[in-house]
Structures are given as structure tokens and as C-alpha cells.
Amino acid sequence: MERYEEEEYLACCGSTQFAKEMVKASPFASVHEAVSAARDIWFNKVDVNGWLEAFSAHPQIGHSPSPDHIAAAAQWSKGEQSTALATATTSTLQELSDWNARYRHKFGFIFLICASGRSTAEILADLKKRYPNRPIVEFEIAAQEQMKVTELRLAKLFSSKIKSTSKGNEHATVSVKKAEEDRVSIISGHLTTTSESSSGKASQISTRTRPPITTHVLDVSRGSPAAGVEVCLEIWKGTQPRPLFGEPDVGGWVFQGSSTTDADGRSGQLMNIVDVVNPGIYRISFNTGKYCPSGFFPCVSIVFEIKESQNREHFHVPLLFSPFSFTTYRGS
């Protein structure tokens, strides 16, 4: 069982809140157990300020870490950007710097991407592709990229700790080999996400740490998360294959779970944590009338379908709400 200090976890993810929660959750029997806990902490316990703190701990892509970086984090960052720097030219570095500045001006935080194994051209292409995103969409993507970086660094942390105690110990030598295999497994998982998705193979560390359907609510009129919004999740089980527009749906919707958003606007657990979600048509409803009695909408419902081919995916259905308008999108 491995136990690490707060600063070591801080080198893996620059959020103080994340590091403290990881210390509380430790010790861990393996890197995979640590990664599972890290995912749960990052997506379900760290707040918006913690996400921004972690983003700001990274150097800009193409730049060296500042002297005040934690030594391990600085070393890992250089390694993660090594392919990009090795494939860079003066012109591509300048273009990357220009686009980084545009991105930061638009979104308020640096462009974040898991850079391991990526060339400068690939990173620049992703930056340009993500730049048109709405801020809330890009915020979610950056958080996903941060989690990828954290997973890789946790693997490095476990590997280095075992190596430091392995001299003259045959059992520890086996542990080193296992840690290296775990590290390769995690790295390969990020480099082959597309191919695995198309072939339907699950990653070795793909066990969910949160329900397959989640949501959060942002009050755009206040520019802050909406706390205290009641949320309800249902699945269609009517006599028709799907609900029909304009037709009564009494008895067709079956309750799955309910919750109330916390101070960060996130709902609690709306359904069980399962690796494979039942395909079907779902409805998630928000009691916006209770949250804002003077608003135009007494409630807001969003209906969406999960197909058989999507039953291992995660569906995040955020609501951007104001008293007189709302919007949503499919998050990740």
C-alpha cells in the first residue's frame, strides 16, 4: 500500500483541494486504484476554483516551467512536451505562441492539452479546433485534459517511488516491472482512445467513478453555479417505442433518481454507478420555478436518447439557465 505526501499529489495536479483529498483517500494498493480515486475527486469534489488553480500550474505549451514550479512537476512537464519541442520550428513555435495568447484572452486560462507524444503541428491543430468553442464547453474539455495529465503523472509517481526502494529486493523488482506496465497501460490508453472507441474495447482503467449520466446547472444571469436546484432523472417505458410529440405520456416515464445541486452547481448521484448504461430515451428535469419563482420557466426538461453503441459512454447534460432563457449541450 503506497502513501504519498500532499506535495507529491500537488505535482500530479496543481489543485490544493485535489492533493488534500488524495491524501485523505490514501493509501492505495496500486496506481489503478489511485487513478480511480483521482477521477472521482477531480470530477465530483474539486470545485471551479480548484480546476482553475490546476490549470494555472501548467506552463504554456512551448514554454519551460517557471522556477517556482514543484521540481517533479517541472521535470514531468518538460518530458510531456518533449515531442512537441523536438518537432517544432521557429515559425510553428511563434504561431503556437500567438494562438496561446488568443486562447487565454478569450477563455481566461491557458490552453491545456495532454501533450505526451504529440507534435507541435498536432497541438496547434487541436488549439485551432477548440478555439471556437463556447467558454463553458472549453472549460469541461480542459478539465478532461487535466485528468489525462494527472493519470500519467500518478503512474510516474508510483513507478519512481517503487524504484527508489527496490535495490536488492527481488519482490520490489517485480513491483517495478508491474508499475512500468501500469504506466504504459495508462499512456497507451490516452494515445489509442480513438481506435479503442471504434473497436468497442474498454480501457483497462475504464471503470466508472461517477454515474453514466450527470449534470450541473449554471445561472448565467449571475455568472455563477446554481445551487439548490432540484433535479430528476427518468427513462421512457411507455407502450410506444418513444414519446410522441403532442401525445399524452402519462405512465410512460419511470423514475430513476433525484438530487439537488450543490454549491458548485453539480447534481448528486442520479443513478447507480454502472459500467454499461441501459440504452433508451431519458428525461432530465430541473425545478427552475422553485429556484427562481419570478422566472419564466416553472420547470425545464431535456429529453435525449442513449443508443446501444453508446452504452459505455458518459453523458453530461449541463443546463445554462437564466430567468428568461436556457440552453444545453452534450458534454463529456
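Two residues are in contact when heavy atoms of theirs lie within 4.5 Å. The exercises below use a predicted model.

**Exercise 1. The chain as a whole**

Find how many helices and strands the protein chain has, and what share of its residues counts as buried.

*Solution.* Start with the secondary structure: the protein chain has 12 helices and 10 strands. Next, take burial: of 332 residues, 46% count as buried. Then turn to contacts between residues at least 6 apart in sequence: 68% of these join residues at least 24 apart.

**Exercise 2. The nonpolar cores**

Determine which members of the largest nonpolar core touch the most other members, and which elements supply this core.

*Solution.* The largest nonpolar core holds 45 residues, and those touching the most other members are Tyr9, Phe18, Met22, Trp42, Trp51, Phe55 and Ile123. At least two residues of this core come from each of α1 (6–12), α2 (16–25), α3 (31–44), α4, α7 (90–107), α8 (120–130) and α9. Apart from this core lies another, of 24 residues, including Leu233, Tyr291, Phe297 and Val300.

Now take Phe18 as a single case. Beyond its neighbours within four places in sequence, Phe18 contacts Tyr9, Cys13, Ala38, Ile41, Trp42, Val46 and Thr150. As a general rule, nonpolar side chains in soluble globular proteins tend to be buried together.

**Exercise 3. Leu233**

Decide whether Leu233 is buried or exposed, and list what Leu233 touches.

*Solution.* First place the residue: Leu233 sits in strand β4 (residues 230–236). Buried means under 20% relative accessible area. Leu233 has a relative accessible area of 0%, so Leu233 is buried. Setting aside residues up to four places away in sequence, Leu233 touches Ile213, Val254, Phe255, Gln256, Gly257, Leu270, Met271, Tyr282, Arg283 and Ile284. For one of these partners, Met271, the separation from Leu233 is 38 residues in sequence and 8.0 Å in space, C-alpha to C-alpha.

**Exercise 4. The second largest pocket**

Describe the second largest pocket by its volume, its lining and the domains that contribute to the lining.

*Solution.* The volume is about 320 Å³. The lining consists of 17 residues, with Val48, Ile136, Phe139, Leu218 and Pro225 nearest the centre of the pocket. Two or more lining residues come from each of α4 (48–56), α9 (135–164), β2 (217–219) and β3 (224–225). The largest share, 4 residues, is from α9. Sorted by class, the lining has 10 nonpolar, 3 polar and 4 charged residues. Finally, domain 1 (6–162) and domain 2 (209–328) each give at least three residues to the lining.

Notes:
Residues are numbered from 1 along each chain as its sequence is written. This is a predicted model: local features need pLDDT of at least 70, side-chain atom pairs count only at pLDDT 80 or more; totals for chains, interfaces and linings use all residues. Side-chain values use heavy atoms; hydrogens and water are left out. On a 1 Å grid over the protein atoms alone, a cavity is a set of points where a 1.4 Å probe fits but cannot get out, and a pocket is an open set with protein on both sides within 12 Å along at least five of seven lines; lining residues have an atom within 4 Å of a point. Grid points are joined across faces, edges and corners, and a volume is the space filled by probe spheres set on the points. Ala, Val, Leu, Ile, Met, Phe, Trp, Tyr, Cys and Pro count as nonpolar, Asp, Glu, Lys and Arg as charged, and the others, Gly among them, as polar. Domain bounds come from an automatic or database domain assignment. Buried means under 20% relative accessible area, exposed over 50%, partly exposed in between (1.4 Å probe, protein chains only). A nonpolar core is a set of buried Ala, Val, Leu, Ile, Met, Phe, Trp, Tyr and Cys residues joined through side-chain atoms within 4.5 Å.
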